[in-house]
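Let's work through some exercises on how this protein model is put together. Keep the viewer open and try each task before you read the solution.

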Amino acid sequence: MVAAPVPVFDGHNDTLLKLELGAGTPRGRSFFERASRDHIDLPRARAGGFAGGLFAMYVPSRLGEGVNLRYDPEDPANFAEVQQPAALAFTLRMAARAFRLEREAAGDITICRDADAIRAAMASGSLAMVLHIEGAEAIDPDFIALDVLHAAGLRSLGPVWSRSNIFGHGAPMACPASPDSGPGLTDAGKELVRACNRLKIMIDLSHLTEKGFWDVAALSDRPLVASHSNAHAVCPSARNLTDRQLDAIAESGGLAGLNFHVAFLRPDGGHRADTPLEVMVRHMDHMIARLGEDGVALGSDFDGCLVPRAIADVAGLPVLLQAFRDAGYGEELIGKIAWRNWLSVLDRTWA
């Protein structure tokens, strides 16, 4: 008998975006049928032990191009500012898609609003979906949309993606480069942090400039969390975290989730699918050294990045966990990385 895979609760994916962009086009697919493209659907999730995660609602700069979007990091059109009305409309479309998936799944998907709901979903075999906003362009400066989205189920928010908005500035996807790449939070961004603390919405530090990171650290009364960022000491991308940032996350009792995107893993920043899993272990080793065993997790960026070919998609999660075993990680540590640390920080953030 083959042992069931270790359950994984993952800190970041862009599956709602992929499903929404593909709807009504030849690239459209059902979340309930196994596909040969993209990264997450329900059959592959079950095969890989994917028990749930934070499902991002991200609004692309080139939204009008639909499913033909191309994320060339050298093309400034991919990083243009997005206006709030258009961002809110598209965010609502992704949220509605999540609610429809839950309804159509008839118990196989649960949108979770607290950590106990995640545990219950995992125990019953239902995919635990937490709604997250990546880049707060949908939020108005009076936070009317924030209140409504929170009431609907929003529990996590990243103030910026890798572009500027009214709340702050994003780190570029440049390598080699420092995350200290521009200004931090605006006055509106600081008010957003306070509003999220009041509502107990987790603030995601991934994509923020280093100055923005320190602005959040100075204001927030919750654990510091970077849902999908790696170690700058291993891959010197502006999207990764310096040792000083990792130390601040550790001091707050927060965590960082290992991002699977090869350009944030490889020391050369290259976009190569043949990236070996050993480099993911190197990042995790470094992150454990700075954050401790309770401060590390997974933040795959599935459906939003190029992952190593050895993993390929969500069904390949056991391959990564085996690489951790092969590197000497025990089952207790693997369980913490795979899901327990995420549940712990969400408990403390949402309490």
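**Exercise 1.** At what angle do helix α6 (residues 187–199) and helix α7 (residues 210–219) pack, and how far apart are their axes?

*Solution.* Before starting, note that this is a predicted model: local features need pLDDT of at least 70, side-chain atom pairs count only at pLDDT 80 or more, and totals for chains, interfaces and linings use all residues. Residues are numbered from 1 along each chain as its sequence is written, and side-chain values use heavy atoms, with hydrogens and water left out.

Step 1: the angle between α6 and α7 is about 45 degrees, and their axes are 10 Å apart. Here axes are lines fitted to C-alpha atoms, for helices over the stretch in contact, and angles run from 0 to 180 degrees between N-to-C directions. Helices (H or I, at least four residues) and strands (E, at least two) are DSSP runs, numbered from the N terminus.

Step 2: that angle makes α6 oblique to α7; under 35 degrees counts as roughly parallel, over 145 as roughly antiparallel, 65 to 115 as roughly perpendicular and the rest as oblique.

Step 3: look for who touches whom, with contact meaning heavy atoms within 4.5 Å. From α6 come K190, V193, R194 and N197, and from α7 come D215, V216 and L219. These contact residues split into 3 nonpolar, 1 polar and 3 charged. (Ala, Val, Leu, Ile, Met, Phe, Trp, Tyr, Cys and Pro count as nonpolar, Asp, Glu, Lys and Arg as charged, and the others, Gly among them, as polar.)

**Exercise 2.** Find out how α1 (residues 15–22) crosses α3 (residues 84–105), and which residues meet there.

*Solution.* Step 1: the two axes come within 10 Å and cross at roughly 100 degrees. So α1 and α3 are roughly perpendicular to each other.

Step 2: on the α1 side you'll find L16, L17, L19, E20 and L21, meeting F90, R93, M94, R97, A98 and L101 of α3. That contact has 8 nonpolar residues, no polar ones and 3 charged.

**Exercise 3.** Work out how covered α1 and its neighbour in sequence, strand β1 (residues 8–13), are.

*Solution.* Step 1: buried means under 20% relative accessible area, exposed over 50%, and partly exposed in between (1.4 Å probe, protein chains only).

Step 2: in β1, 6 of its 6 residues are buried. In α1, 7 of its 8 residues are buried, namely T15, L16, L17, L19, E20, L21 and G22.

Step 3: those buried α1 residues pack against β1, β2, α3 and β4 (127–134).

Step 4: β1 also pairs with strand β2 (residues 50–58), in the parallel sense and over 4 bridges; pairing takes at least two DSSP bridges. N13 stands opposite F55 in β2.

**Exercise 4.** Hunt for unusual backbone spots in the loops.

*Solution.* Step 1: recall that most residues other than glycine have a negative phi, and most peptide bonds are trans.

Step 2: D38 isn't a glycine, yet has a positive phi of about 60 degrees. D38 sits in the loop between α1 and α2 (42–48) and is buried, with a relative accessible area of 17%.

Step 3: A312 has a positive phi too, near 75 degrees. A312 lies in the loop between β9 (296–298) and α10 and is partly exposed, at 41% relative accessible area.

Step 4: the peptide bond from C175 to P176 is cis, with omega near 0 degrees. P176 belongs to the loop between β5 (154–158) and α6.
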